[in-house]
Amino acid sequence: MKAVAALLLVGMLILWTELPTGSAWSCPPVRVTCAIPNPPNRCYSDRQCPRHKKCCQSSCGTRCLSRLRALPI
């Protein structure tokens with residue numbers, strides 16, 4: 001029984017470490033598309049962005065956005 005509890009605990013810890021770091025807000029929709037065929041990306045995942053920023057698709061490639069900027073006006 002102890003082995004089952006230990007395996008369950010290890011499984012939960014693994015799942016917890018795989019959770020995304022950062023906030024629960026989502027990226028804004030992209031309304032304009034870029035004229036460049038392969039625009040440069042400034043980030044590829046949220047982990048590459050500073051704290052409280054998220055890697056989001058922009059009109060030309062991806063970039064780190066803060067929550068205030070990501071909210072639609």
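Is Cys60 buried, partly exposed or exposed? Hold that thought for a moment, everyone, and let me set the scene.

What you see above is a predicted model, where local features need pLDDT of at least 70 and side-chain atom pairs count only at pLDDT 80 or more, while totals for chains, interfaces and linings use all residues. Residues are numbered from 1 along each chain as its sequence is written, and side-chain values use heavy atoms, with hydrogens and water left out.

Now, back to Cys60. With a relative accessibility of 32%, Cys60 counts as partly exposed. Here is the scale: buried means under 20% relative accessible area, exposed means over 50%, and partly exposed is in between, using a 1.4 Å probe and protein chains only.

Let's look at the overall layout. The chain has two helices and two strands, and reading from the N terminus the order is α-β-β-α. Helices (H or I, at least four residues) and strands (E, at least two) are DSSP runs, numbered from the N terminus. Of the 73 residues in the chain, 15% count as buried. The exposed surface comes to about 6,400 Å², and carbon and sulfur atoms supply 63% of that. Those areas come from the Shrake-Rupley method with a 1.4 Å probe, and for residues only the protein chains shown count as cover.

Next, the two strands. Strand 1 and strand 2 run antiparallel and are joined by five bridges; strands pair if DSSP finds at least two bridges between them. They make a hairpin with four residues in between, and Gly61 in the turn has a positive phi of about 85°. If you would like one bridge to find on screen, try Cys56, whose partner in strand 2 is Arg63.

Cys56 brings us to the disulfides. How many does the structure hold? There are four, where a disulfide is a pair of cysteine sulfur atoms within 2.5 Å. Counting the bonded cysteines along the chain, the pattern is 1-6, 2-7, 3-5, 4-8. I'll walk you through three of the links.

We can start with Cys27 and Cys56, whose sulfur atoms are 2.0 Å apart. This link is left-handed, with -75° about the S-S bond. The pair ties together distant parts of the chain, 29 residues apart: Cys27 is in the loop between helix 1 (2-18) and strand 1 (53-57), and Cys56 is in strand 1. The two ends also sit at separate points on our scale: Cys27 is partly exposed, at 30% relative accessible area, while Cys56 is buried, at 1%.

Then we have Cys34 and Cys60, joined with an S to S distance of 1.7 Å. The torsion about their S-S bond is about 80°, so this disulfide is right-handed. Again distant parts of the chain are linked, 26 residues apart, with Cys34 in the loop between helix 1 and strand 1 and Cys60 in the loop between strand 1 and strand 2 (62-66). We already met Cys60 as partly exposed, and Cys34 is partly exposed too, at 23%.

Let's move on to Cys43 and Cys55, with 2.1 Å from S to S. This link is right-handed, with 95° about the bond. Cys43 lies in the loop between helix 1 and strand 1, Cys55 lies in strand 1, and the two are twelve residues apart, another pair linking distant parts of the chain. Both of these cysteines are buried.

That loop between helix 1 and strand 1 has other residues to show you. Where is His52? His52 belongs to that loop, and it is exposed, at 62% relative accessible area. Its phi is near 70°, a positive value in a residue other than glycine. For context, most residues other than glycine have a negative phi. Ala35 is found in the loop between helix 1 and strand 1 as well, and it is exposed, at 81%. Its C-alpha atom is separated by 9.2 Å from that of Ser59, 24 residues apart along the chain.

On the subject of long range, here is a figure for the chain: among contacts between residues at least 6 apart in sequence, 40% join residues at least 24 apart. Contact here means heavy atoms within 4.5 Å.

One last stop: what lies over the face of Trp25? That is Lys54, at 5.8 Å from the ring centre. A charge sits over a ring if NZ of Lys or CZ of Arg is within 6 Å of the ring centre and within 35 degrees of the ring normal.

Thanks for listening, and do turn the model around yourselves!
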